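Open the structure in your viewer and get ready to click through it. We will begin with the whole chain and then pick out smaller pieces.

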Amino acid sequence: MEIHRFEKRWFALSLLLIIGFIATIVYGAAGVGVSMIDDGGGQLDPSEVRNADGFSNPGVRQVGDDAYAVYVISYQFAFEPGSAEPIRVPADANVTFHVTSTDVVHGFAVVGTNLNTMVIPGQVAEFKTRFDEPGTYGIVCHEYCGAGHHTMAGTIEVVPADEYGTNSTEVEN
Ligand SMILES: [Cu+2]
């Protein structure tokens, strides 16, 4: 069977595209450390969140030499903490976020980073990070959650490690 020269080229080009698409997926998954947030954070009854471990006193707490845990409750239309007062964490420390919702599905994205999760009632989204640079990072809700969705935002303040903890209100235990 005779295949036209142009047809062969289109064939090769299409194959190359497919290989390219697969390569970007493999690179995204393995190369840049992008990982999905799974159900490893555990489950909670959404109406019982405020009685649950960690969430009964949402905020930042030190859990090791260099390790901090942050418990955040999301609801229409705020992050607690985050919206009314910033989440303050030190730079260059291991920070584990635990984020859940008491009402509807929200989003939790930290602007300028690859931290991004859905926040589903009944689920705890758990993810770890390190902020290398002190600075202020915005948090936005990126799942439409109701009439006030566009106002649902917050702030993370990353302070230099040696300045952290000098204010007694920063670390709650
Ligand atoms: Cu929202």
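**Stop 1: the whole chain.** Keep in mind as you look around that this is a predicted model. Show everything as a cartoon: you should find one helix and 10 strands. Starting from the N terminus, the helix comes before the strands, in the order α-β-β-β-β-β-β-β-β-β-β. The radius of gyration is 21 Å, well over the 16 Å that the globule rule gives for 173 residues, so the chain is more spread out than a compact globule. Along its principal axes, the C-alpha trace spans about 80 × 40 × 30 Å. Buried residues make up 27% of the 173 residues.

**Stop 2: two domains.** Colour residues 1-34 one way and residues 39-163 another; these are domain 1 and domain 2. How far apart do the C-alpha centres of the two domains lie? They are 39 Å apart.

**Stop 3: the helix.** Now select residues 5-31, which form helix α1. Its 27 residues should span 39 Å at 1.5 Å a residue, and the end C-alpha atoms are 37 Å apart, which agrees. Is α1 largely hidden or largely in the open? The number of buried residues among its 27 is zero, so α1 lies largely in the open. Just after α1, click on Gly33, which takes a positive phi of about 70°.

**Stop 4: a loop with an aspartate.** Move on to β1 (59-64) and β2 (67-75), and select Asp66 in the loop between them. Asp66 has 13 other C-beta atoms within 10 Å, and a residue counts as exposed at 12 or fewer, so Asp66 is partly exposed. Next, add Asp92 to your selection: Asp66 and Asp92 are 26 residues apart in sequence, and their C-alpha atoms are 8.2 Å apart in space. Show Ala93 and Asn94 too, since Asp66 is in contact with both, leaving aside its neighbours within four places in sequence.

**Stop 5: a hairpin.** Finally, select strand β6 (residues 106-110) and strand β7 (residues 116-119). These strands run antiparallel and are joined by four bridges. To see one pairing, highlight Phe108, whose bridge partner in β7 is Thr117. Five residues separate the two strands of this hairpin, and Gly112 in the turn has a positive phi of about 85°. Which residues of β7 are on its covered face? Thr117 and Val119 are there, while Asn116 and Met118 are on the uncovered face.

Conventions
Residues numbered from 1 in each chain as written. Predicted model: local features only at pLDDT ≥ 70, side-chain atom pairs only at ≥ 80, totals over all residues. Domains from an automatic or database assignment. Expected span 1.5 Å × (residues − 1). Buried ≥ 20, exposed ≤ 12 C-beta atoms within 10 Å, placed from the backbone. Rg over C-alpha atoms; globule rule 2.2 N^0.38 Å. Pairing = 2+ DSSP bridges. Contact = placed C-beta atoms within 7 Å.
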